[in-house]
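Visitor: I would like to learn how to read a model of this kind feature by feature, with the rule behind each term. Could we go through it together?

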Amino acid sequence: MEIYKLSFIAIVLFMIHEFEEIIFIKKFIEKNKVVKDMKNELFVKKKESYPSTETLSLMIAEEFIILSTLLFIASEISMYEIVLSLFIVYIAHLVPHMYDALRYRKFSPGSRTSFIIFPLGILIIWNVILNKEINLIILILCVIIIGFLMILNLLFLHKISKKIDKYLWKKKKL
């Protein structure tokens, strides 16, 4: 698979999954916040601190810009290891969605697309590793570094989400 195709597939699958989260998150939390068995579910457990739909959209837009930029640069320099590591980190983040859906026996925001994208992603990653010259040491290092940076970015975004909410609501009042 050509690197640009892989990059395009990665970003499209990422956005489809994120749209599912944006669209269904608030309704899901509202519906399940009083269900005793759901108190530890991925989204319900953080219901008090979960950002508004607008803030969540901005957070995802920031991730989209970073991901798109990295995918473009990696494609330009033909570095499959970076593209694959971004894809691997993204695919790994789908596991908690699937786990919660199986654990609670109900779909949560992001779990439907996770069940579709995860096996497809594994096949794509496997196919690229088998058919391209991939330096596995560089790939592993990229997965570790990019995974760490993506987690830091997500923690940072959640930390400032209340400030973003306040800013957006102040702008709405004007």
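Visitor: By class, how many nonpolar, polar and charged residues does the lining of the second largest pocket have?

Guide: Please keep in mind that this is a predicted model, in which local features need pLDDT of at least 70 and side-chain atom pairs count only at pLDDT 80 or more, while totals for chains, interfaces and linings use all residues. Residues are numbered from 1 along each chain as its sequence is written, and side-chain values use heavy atoms, with hydrogens and water left out. A pocket is an open set of points, on a 1 Å grid over the protein atoms alone, where a 1.4 Å probe fits and protein lies on both sides within 12 Å along at least five of seven lines; its lining residues have an atom within 4 Å of a point. For the classes, Ala, Val, Leu, Ile, Met, Phe, Trp, Tyr, Cys and Pro count as nonpolar, Asp, Glu, Lys and Arg as charged, and the others, including Gly, as polar. Here the lining has four nonpolar, two polar and four charged residues.

Visitor: What volume does the second largest pocket have, and which element gives the most to its lining?

Guide: A volume is the space filled by probe spheres set on the grid points, which are joined across faces, edges and corners, and for this pocket the value is about 170 Å³. Helix α1 gives the most to the lining, with five residues; among the lining residues are Phe 24, Lys 27, Phe 107 and Arg 112.

Visitor: Where does Arg 112 lie with respect to Phe 24?

Guide: A charge sits over a ring if NZ of Lys or CZ of Arg is within 6 Å of the ring centre and within 35 degrees of the ring normal. Arg 112 lies over the face of Phe 24, at 5.5 Å from the ring centre.

Visitor: How many aromatic pairs are there?

Guide: Rings of Phe, Tyr and Trp (its six-membered ring) pair if their centres lie within 6.5 Å, with planes under 30 degrees apart counted as stacked, over 60 as edge-to-face and the rest as tilted. The count comes to two aromatic pairs. Phe 14 and Tyr 90 are edge-to-face, at 5.8 Å centre to centre with 75° between the planes, and this pair links distant parts of the chain, since Phe 14 is in helix α1 (residues 3–32) and Tyr 90 in helix α3 (residues 80–92), 76 residues apart. Phe 107 and Phe 115 are also edge-to-face, at 6.4 Å and 80°.

Visitor: Which residues of these pairs are buried, and why do Phe 107 and Phe 115 count as partly exposed?

Guide: Buried means under 20% relative accessible area, exposed over 50%, and partly exposed in between (1.4 Å probe, protein chains only). Phe 14 and Tyr 90 are both buried, whereas Phe 107 is partly exposed because its relative accessible area is 46%, and Phe 115 is partly exposed because its value is 31%.

Visitor: What is the secondary structure of the protein chain as a whole?

Guide: Helices (H or I, at least four residues) and strands (E, at least two) are DSSP runs, numbered from the N terminus, and this chain comes to six helices and zero strands. Leu 84, in helix α3, is buried at 0% relative accessibility, and its C-alpha atom is 8.6 Å from that of Ser 7, although the two are 77 residues apart in sequence.
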